[in-house]
Amino acid sequence: MVDRNLIREFQIDEQELDATFGDMLDLTSEADAEMDLVYDETSRSYDTNQIVEGVVLSVDGDEVVVDIGYKSEGTVSTNEWAEDEPQPKPGDKVEVLLEEIEDDFGLILLSKRKADRLRDWEAVISKHEEGDVVEGTVVRKIKGGLLVSIGENATATGSRGVNVFLPASQVDIRRPQDIGDYLGQKIHCVILKIDESRRNIVVSRRKLIEEQRAEMKRKLLAEIEEGQIRKGVVKNIADFGAFVDLGGIDGLLHITDMSWGRISHPSEMVKIDDEIEVMILNVDREKEKIALGLKQKFPSPWENVETKYPVGSRVKGEVVNVMSYGAFVKLEDGIEGLVHISEMSWTKRINHPSEMVHIGDEVEVVVLGINTEKQEISLGMKQTQPNPWDDVAAKYPVGSTIEGTVRNLTNYGAFIELEEGVDGLLHVSDMSWTRKISHASEMLKKGDTVKCVVISVDEDRKRIALGLKQLEEDPWETRIPDKYQPGEVVTGKVTKITNFGVFVELEEELEGLLHISELADHKVTNPEDEVNVGEEIEVRVLRVDVDDRKIGLSRKLEATPAEIEQAAAGGATGGAGAPAREELKGGMGESSGPLFSMQAVAKPKEEEEAAEAEAESEPAPEAEPAPEAEASAEADSSDDSESSDESKED
């Protein structure tokens, strides 16, 4: 602010003062205008994002002061000089990118790194285009692929050169497990796409390899032949084999062609990237498939196997595998034989081979058979021990009494274990002379100790027939015919009532049939109107059939001598001169139903043998309750009824 009083004190004219200050202000304005013109001319030659050359003035800590000829200096961080580059020092010339002319502090912003990248990009673009092959160094792993530094100034760290993108799917023909394994490696790629506006380049190593392999494949298929030995590199391993790169095409080395011996997985023989020699087994040029072999380079151990392991010879081997049907025994590398479960023991009943052997066990076996075409050997373990069936006839002669344990029960008999592995069959028809038996469980239980008589021995078929009733005399030979004479009146208990008659128990396990026609003097339509179960009644013996083991009864107690004589004749055992007789209307049986023939319970021989074989191979289940025999009994009895009615009509 101007002090006017002070001016008046010194008697200075205001007009003169204004003129003096005005001249000075004019001079100042002119000087400022000239300076502004100079600066304006200088600044016009600099634009942002332009590369300019500057001189390093000083290095202060981590900042480098650079003079680019502008009205003020700029700074560049020392981090923009890579470790493999010479560090800046005063007086060095350097190219920098002008990012901003003046910031908030009046400084210009410079970048050496961006200037280097722009120069490297321009160099790459000027020399390469899409489809060209370039060489670079993998410098970094990023999301989705790798960064590869290319260009003349490219460095291993990626500080110089142009970083291009290599997608993970384009790294190799088969995508590697970890693309990071390529870090630091120099690779060749083909340029797929160049985006100049975004300064982005996409490359592919896979396409280049495919083109190279296509040419190599063509040459390989032209010269490869079966039987050749070639080198290859294992590229992939699967459960069924390994893929080997022969140079342009992959061949399959199947697991069965890797070794003459047993292997569980191809990785036991080869590893990825292993270089191996293989034999060409087959070439399919149309499908471009090649089958390879490793074991074929060596002679097969199956040559002259019949000489090394003649049938009948004893050898030792190692158990290498156990299956449900048998065990595989290795005789030597590449030669294995099967011991079937049925060839493991003469006596033991084996449910699974693991009960006898385990993997790694050393066993002695006998060679049973050899199939050289299928490369199979049948072995036996039990043949190394004596067969207990070889002298079973001497140990258990026919007619001798033996003692055994009930091992299994069926509807046709019981299996009696005489010793371990030696069973005899006690048929239901040989259990009792008088009792009708539908199932062996009616007489015996598992684990019972019983005495039997040896009826027959068949060593070839490994069969022993036993009898329980043979321990006693047959009552039908003398006792029953003598005790129950035709015409004799006896007392019995009603055990069962059917539509064709009544069963009467004369004594324990002995029944007779009182036919409906013999229930009363009058015609009977319903037997239950005449008698009740459990009621004791008097009956007359009509006839006794020893052959069929039947007793016919009648409730008509009064009989003439002629009728008794006729009944006796009808109950004869039969012979060459025996008169014809009508069907009996009685027999013996138990409460479950009548038995009209002892042979009725016997099954066909083939069915018995099949069931017997099944019982020997595996334990039978617990015996089920015997099925009701009423239906069959009624059918048989109906036949008797009809024949009787016909006889009466005659």
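Isoleucine 359 counts as exposed, because its relative accessibility is 59% and the cut-off for that class is over 50%. This residue sits in the loop between strand S18 (335–340) and strand S19 (362–371). Isoleucine 359 and asparagine 321 are 38 residues apart in sequence, yet their C-alpha atoms lie 5.8 Å apart in space. The model described here is a predicted one, and every value below is computed from it.

**Two helices**

Helix H4 covers residues 205–223, and its 19 residues should span 27 Å at 1.5 Å a residue; the C-alpha atoms at its ends are in fact 27 Å apart, so the expectation and the model agree. At the N-terminal end, H4 is capped by serine 204, whose side chain places an oxygen 3.4 Å from the backbone nitrogen of arginine 206. The buried residues of H4 include the nonpolar residues Leu208, Ile209, Leu220 and Leu221, but also Arg205 and Arg213, and both of these arginines return below as partners in salt bridges.

Helix H3, residues 112–127, has 16 residues and reaches 23 Å from its first C-alpha to its last, which is close to the 22 Å expected at 1.5 Å a residue. Among the buried residues of H3 are Ala115, Leu118, Trp121 and Val124, and the list also includes Lys112, Asp116 and Asp120.

**Salt bridges that involve H4**

Side chains of opposite charge can pair when their charged atoms come close. The structure holds 17 salt bridges, and three that involve residues of H4 are set out here.

| Pair | Closest N to O distance |
|---|---|
| Arginine 205 and aspartate 172 | 3.8 Å |
| Glutamate 210 and arginine 206 | 3.0 Å |
| Arginine 213 and aspartate 250 | 3.3 Å |

The side chains of arginine 205 and aspartate 172 meet in a salt bridge, and this pair links distant parts of the chain, since arginine 205 belongs to helix H4 while aspartate 172 lies in the loop between strand S8 (162–167) and strand S9 (186–195), 33 residues apart. Arginine 205 counts as buried because its relative accessibility is 18%, whereas aspartate 172, at 22%, counts as partly exposed; the cut-off for buried is under 20%.

The pair of glutamate 210 and arginine 206 lies within H4, where the two residues are four apart and therefore separated by about one helical turn. Both partners are partly exposed: glutamate 210 has a relative accessibility of 36%, and arginine 206 has a relative accessible area of 28%.

What does the salt bridge between arginine 213 and aspartate 250 tie together? Arginine 213 lies in helix H4 and aspartate 250 in strand S13 (residues 250–254), so the bridge joins parts that are 37 residues apart in sequence. Arginine 213 counts as buried at 16% relative accessibility, and aspartate 250 is buried as well, with a relative accessible area of 17%. The two residues also belong, together with Asp245, to a network of salt bridges.

**Barrels**

Strand S13, which holds aspartate 250, is part of a closed barrel of five strands that runs S11-S12-S13-S15-S14 with mixed pairing, and the twist from one strand to the next averages 50°. Within this barrel, S13 pairs with strand S15 (residues 289–293) in the parallel sense over two bridges, and leucine 292 in S15 is the bridge partner of leucine 253.

Another five strands close into a barrel in the order S21-S22-S23-S25-S24, again with mixed pairing, and here too the average twist from one strand to the next is 50°. Strand S24 (residues 449–458) and strand S25 (residues 463–467) run antiparallel and are joined by five bridges; valine 453 stands opposite glycine 467 in S25.

**The largest nonpolar core**

In soluble globular proteins, nonpolar side chains tend to be buried together. The largest nonpolar core of this model has 23 residues, of which Tyr484, Val502, Leu506, Leu514, Ile551 and Leu553 touch the most other members. At least two residues of the core come from each of strand S26 (489–497), strand S27 (501–507), strand S28 (510–515), strand S29 (536–545) and strand S30 (550–554). S29 supplies the largest share, four residues.

Methods. Residues numbered from 1 in each chain as written. Predicted model: local features only at pLDDT ≥ 70, side-chain atom pairs only at ≥ 80, totals over all residues. Heavy atoms only, no water. Expected span 1.5 Å × (residues − 1). Buried < 20%, exposed > 50% of the residue type's maximum accessible area, 1.4 Å probe, protein only. Polar contact = N/O pair within 3.5 Å; in protein donor to acceptor, adjacent residues only side chain to side chain. Pairing = 2+ DSSP bridges. Axes fitted to C-alpha atoms, helices over the stretch in contact; angles between N-to-C directions. Salt bridge = Lys/Arg side-chain N within 4 Å of Asp/Glu carboxyl O. Core = buried A, V, L, I, M, F, W, Y, C linked by side-chain atoms within 4.5 Å.
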